[in-house]
Amino acid sequence: MQIRWPRWRVLASDNVAVVPDALEFQTAAALPVAGVTALQIVRRLGADEVVVGLRGVAPVYGVLEHVGGEMLAEAFALHDGGRVISVGAASGQPTIIDYEAERMTMSKKRIEIFMMEWPIAADLQYVVDLAASGQLDAQIGHRDSWDAIDALLGRKVVGKVALTVR
């Protein structure tokens, strides 16, 4: 099987950003989905502080959750009156929450599904500029190694894989 990559792609101008000379192209390419998603979710939550991980954090008013399954259920159980924004289901496992028990607690917590808001040009430019100034790390775990495909499929990559196709 031969893979063919397009040389050009047409994009709407309200969904692109200018990459500053100070920013590597691979880093910029890693930002549109993860960077804009994170920015839009932090805005939706109205967060004053963002932490990674939930152990020992209290009170929790909002959770950004990517894994699904048991982790989503744990995140939902953490707080009263806040919300969990579910972005994905990387675990591939079903989420089991006893909604009747939750209803009886009379709490006002909720789960929301996230979908990116378009157009994204302004948000994308913001995260690109943050990365160019060194204030944001795109978390690229592997660069220019086709061996990274196996690591990615085996869930052994921390961060993203950036490949340059020539």
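Let's start with Gln139, which counts as partly exposed because its relative accessibility is 41%. Keep in mind that this is a predicted model. Gln139 sits in the loop between H5 and strand S4 (140-143), and its phi is positive, about 55°, although the residue is not a glycine.

Now hop over to Arg155, which also has a positive phi, near 55°, in a residue other than glycine. You'll find Arg155 in the loop between helix H6 (148-153) and strand S5 (160-162). Is Arg155 buried or exposed? With 65% relative accessibility, Arg155 counts as exposed, since the cut-off for that class is over 50%.

While we're on the backbone, please look at Trp118 and Pro119. The peptide bond between them is cis, with omega near 0°. Pro119 belongs to the loop between strand S3 (110-113) and helix H5 (121-132).

On to the pockets. The second largest one has a volume of about 990 Å³. Its lining is made up of 25 residues, and those closest to the centre are Phe25, Ala28, Ala29, Ala30 and Leu163. Which elements give two or more residues to this lining? They are helix H1 (25-29), H5 and S5. Of these, H1 gives the most, with four residues.

And what is the lining like by class? It has 20 nonpolar residues, together with two polar and three charged ones.

So if you have the structure open, go to Phe25, Ala28 and Ala29, which are among the residues closest to the centre of that second largest pocket. Thanks, everyone, and I'm happy to take questions!

Methods:
Residues are numbered from 1 along each chain as its sequence is written. This is a predicted model: local features need pLDDT of at least 70, side-chain atom pairs count only at pLDDT 80 or more; totals for chains, interfaces and linings use all residues. Side-chain values use heavy atoms; hydrogens and water are left out. Buried means under 20% relative accessible area, exposed over 50%, partly exposed in between (1.4 Å probe, protein chains only). On a 1 Å grid over the protein atoms alone, a cavity is a set of points where a 1.4 Å probe fits but cannot get out, and a pocket is an open set with protein on both sides within 12 Å along at least five of seven lines; lining residues have an atom within 4 Å of a point. Grid points are joined across faces, edges and corners, and a volume is the space filled by probe spheres set on the points. Ala, Val, Leu, Ile, Met, Phe, Trp, Tyr, Cys and Pro count as nonpolar, Asp, Glu, Lys and Arg as charged, and the others, Gly among them, as polar.
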